[in-house]
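Okay, thanks everyone, let's get going. I'll put the structure up on the screen and then talk you through it.

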Amino acid sequence: QEIARGAVFENVTLSVICLNAIWMAIDTDYNKAASLLQADVIFQVVEHSFCIYFSLEWYIRLMSFKVKAEGLQDAWFVFDTVLVAMMVG
């Protein structure tokens, strides 16, 4: 809980979200591939890096709940769960 509720963790996550938004604009302008598998390596590496970070962030937040089912009552956690599932799936 200490990590998941800490200011550093929150600020790093907000920074990564901002970087991801900027990256999506770059990806939209410069990546002409039809799918990630056909994209240049840099697009694949950066996309996978964001996916890994957001998956780890989700896992850290999940582990901060004493009773894991309580995560279903946290609207932001449910929202993040949907986003990470869509990113991975």
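Let's go straight to helix H3, on the side where Ala 75 and Met 86 are exposed. This is a predicted model, by the way, so please keep that in mind as I go. Now turn H3 around. Which residues of H3 are buried? They're Phe 77, Asp 80 and Val 84. Looking down the axis of H3, those buried residues fall within an arc of 60 degrees, so they line one face of the helix. And what covers them? Helix H2, residues 41-63, is part of that cover.

A quick check on the geometry of H3. The helix has 14 residues, 75-88, and at 1.5 Å a residue it should span 20 Å. The C-alpha atoms at its ends are 20 Å apart, so that agrees. At the start of H3 there's also a contact to point out: a side-chain oxygen of Asp 74 comes to within 3.0 Å of the backbone nitrogen of Trp 76. Hang on to Asp 74, please, as we'll be back there in a minute.

Now for the part I wanted to show you, the charged residues. As a reminder, side chains of opposite charge can pair when their charged atoms come close. How many salt bridges are there in this model? The count comes to three.

Start with Asp 80, which sits in helix H3. Is Asp 80 buried or exposed? Its relative accessibility is 16%, and the cut-off for buried is under 20%, so Asp 80 counts as buried. If we ignore its neighbours within four places in sequence, Asp 80 touches Glu 57, Trp 58 and Arg 61. With Arg 61 there's a salt bridge between the side chains, at 2.2 Å from N to O. Arg 61 is in helix H2 and Asp 80 in helix H3, so this pair ties together parts that are 19 residues apart in sequence.

Next, stay on Arg 61 and look at Glu 57. Their side chains also meet in a salt bridge, this one at 3.8 Å, N to O. Both residues are in helix H2, four residues apart, so about one helical turn separates them. Glu 57 has a relative accessibility of 8%, which means it counts as buried. Arg 61, at 14%, counts as buried too.

And here's Asp 74 again. Arg 61 forms a salt bridge with Asp 74, where the closest N and O atoms are 3.9 Å apart. That pair links distant parts of the chain, with Arg 61 in helix H2 and Asp 74 in the loop between H2 and H3, 13 residues apart. Asp 74 is partly exposed, with a relative accessible area of 24%.

So how do these pieces fit together? Going back to the Arg 61 and Asp 80 pair at 2.2 Å, the salt bridges share partners, and they join Glu 57, Arg 61, Asp 74 and Asp 80 into one network.

Somebody usually asks about cysteines, so let me cover that. How many disulfides are there? Zero. Cys 18 is in no disulfide, and the nearest cysteine sulfur, the one in Cys 51, is 19 Å away. Coming at it from Cys 51, the closest cysteine sulfur is that of Cys 18, and 19 Å is too far for a bond. Cys 51 itself counts as buried, at 16% relative accessibility.

Let me zoom out to finish. The protein has three helices and zero strands, and along the sequence the pattern reads α-α-α. Its C-alpha atoms fill a box of roughly 45 × 25 × 20 Å along the principal axes. There are 89 residues, and 26% of them count as buried. Then there's the question of how far contacts reach along the chain: taking contacts between residues at least 6 apart in sequence, 50% join residues at least 24 apart.

If you take one picture away, make it the network joining Glu 57, Arg 61, Asp 74 and Asp 80. Happy to take questions.

Key. Residues numbered from 1 in each chain as written. Predicted model: local features only at pLDDT ≥ 70, side-chain atom pairs only at ≥ 80, totals over all residues. Heavy atoms only, no water. Helix = DSSP H or I, 4+ residues; strand = E, 2+ residues; numbered from the N terminus. Expected span 1.5 Å × (residues − 1). Buried < 20%, exposed > 50% of the residue type's maximum accessible area, 1.4 Å probe, protein only. Arc of directions from axis to C-beta. Contact = heavy atoms within 4.5 Å. Polar contact = N/O pair within 3.5 Å; in protein donor to acceptor, adjacent residues only side chain to side chain. Disulfide = S-S within 2.5 Å. Salt bridge = Lys/Arg side-chain N within 4 Å of Asp/Glu carboxyl O.
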